[in-house]
Number of protein chains: 2
Amino acid sequence: MTDSIWTRERKAAPARETLSRAQIVTAAMAILDADGVNGLSMRKLAAKLGAGATSLYWHVPTKDDLIDLLIDEVWGEIDVPEPELAGWRSGALLFGHSLRSAVLRHPWLPEVMYTRPSIGPNAMSLGERGLVLFGAAGFSDHEVDLAMGSVMSYVLGTVSAEVATREMVRKSGRSEDSWVSELLEQAQAVASDEYPAMQRSVRRRTTTDLDAGLTENFVFGLDALLDGLATRVKK
Amino acid sequence: MTDSIWTRERKAAPARETLSRAQIVTAAMAILDADGVNGLSMRKLAAKLGAGATSLYWHVPTKDDLIDLLIDEVWGEIDVPEPELAGWRSGALLFGHSLRSAVLRHPWLPEVMYTRPSIGPNAMSLGERGLVLFGAAGFSDHEVDLAMGSVMSYVLGTVSAEVATREMVRKSGRSEDSWVSELLEQAQAVASDEYPAMQRSVRRRTTTDLDAGLTENFVFGLDALLDGLATRVKK
DNA sequence: GACAAACTCGTACGGCGTGCGAGTGGTTTG
DNA sequence: CAAACCACTCGCACGCCGTACGAGTTTGTC
């Protein structure tokens, strides 16, 4: 009995210079970070690699699958401290900040991450390390999942909004300071009579430091959430 | 001096049956809810209204602007209780649930809401009522914004993930129960050795009731966050 | 009856994702 | 050395998309 298609091992050879999935992912990441999701097209990506547009399809089934790879790439950038090093509370804080800065580095993430499952290797490893961290806090078995999910959701929700704000500034072409102060003026005008609480909120704002405001925002809620979670660890 | 183009008031007449922005918005909402963002095209929308595709452009500048209108429409569906009726804490809880169910009714929202500013009338009114609610809690002036932002971010983040999950179930065509149990099996297989914490997490899951799980998830984190916020109200 | 405003819409342009099938350079096999 | 095979590339074409443009139609005012 000769070996069939199934038992025969596949060999044969890519010695000539060739596209690779890793190359494609790297180039696509650069385009995505610079131009956003709408700025990434298979033709443009291929051009950047000096290849024909449809050549990519040998390495990657569809554009959506490519984006899945890119998302998992981002998950791979996130630190989750081991609990024995920092303790749970500050570990979770570090995790949150790491997640935030990864998203800020890849501002296209929010508009795509919720449209597909995250089951890539980096997503799995992230989940694993997260569970270990929150497990060390002393949550009941059941609440470990819930606690970690809450923190991830809070961070991703907050940072998604933050990214949207920063993207608006970028598109406006102005400096952050001048953008903020113009926004405040406009809000003041619109809010004047109909929305008194918003007007008060605008008026009480004193600084135009966008960065500091967004960070304070992020930290405030994360701290509050972690406080709330801390009361739930089993004694 | 005769009145110029500028001072002359615009009259003249739409007596014939005519498209209207409200009509367009309604039809677009139906398509969006049913088929998602990718399912909405100007041609399809026009067909549904029995009109030519480019007729829409007289009423709406671009597709993106149309989507802005639809987003604001959703913001208009959200209840924010007045604080004297329910008190701050349960008011915030109600607000969170109302926001969640609005998003679940319009599952396309997460993929678009963060790509643009929300300054429509309903968004403004939502913000106003939110500030009133949180203002009644006794937060310092400065923290009212932060607290409300945290809750919105948490809810939107959580619900975005929830929508993604539900969408996967819908696309799979299976029942929720069978989808969940298959997911658990697969996770078990993948997680086996490399990801022990995830495996434990999977194993300890007993029910396949998706709805209950997602709701528990949502409530757990919201409760924790509100607990944390409650400690921050000024005495 | 002249004119303008309020609307409708067919045509067309440039872009998109990607299926298909022909082509090409390397390795393995006889 | 030739033939077979494989890994890979890519031009072409299809059907979709958003929307600019300009000509057309209806309606109301003088």
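What pLDDT does chain A average? Chain A averages a pLDDT of 90 (the predictor's confidence in each residue, from 0 to 100), and 92% of its residues score at least 70. This is a predicted model, in which local features need pLDDT of at least 70, side-chain atom pairs count only at pLDDT 80 or more, and totals for chains, interfaces and linings use all residues. Residues are numbered from 1 along each chain as its sequence is written, while chains are lettered from A and ligands numbered from 1 in the order in which they are written.

Let's look at the fold. Chain A has twelve helices and zero strands (DSSP runs: H or I of at least four residues for helices, E of at least two for strands, numbered from the N terminus). Its C-alpha atoms fill a box of roughly 85 × 55 × 30 Å along the principal axes.

Now for the meeting of the two chains. The contact takes 43 residues from chain A and 43 residues from chain B; two residues are in contact if their C-beta atoms, placed from the backbone, lie within 7 Å. These helices of chain A each supply at least two residues to the side that touches chain B:

| Helix of chain A | Residues |
|---|---|
| α7 | 109-113 |
| α8 | 121-135 |
| α9 | 141-172 |
| α11 | 196-203 |
| α12 | 210-230 |

α9(A) gives the most to this side, with 17 residues.

One residue to find is A:Leu225. Not counting residues up to four places away in sequence, A:Leu225 touches A:Ser150, A:Val151 and A:Tyr154, and also B:Ala224, B:Leu225 and B:Gly228.
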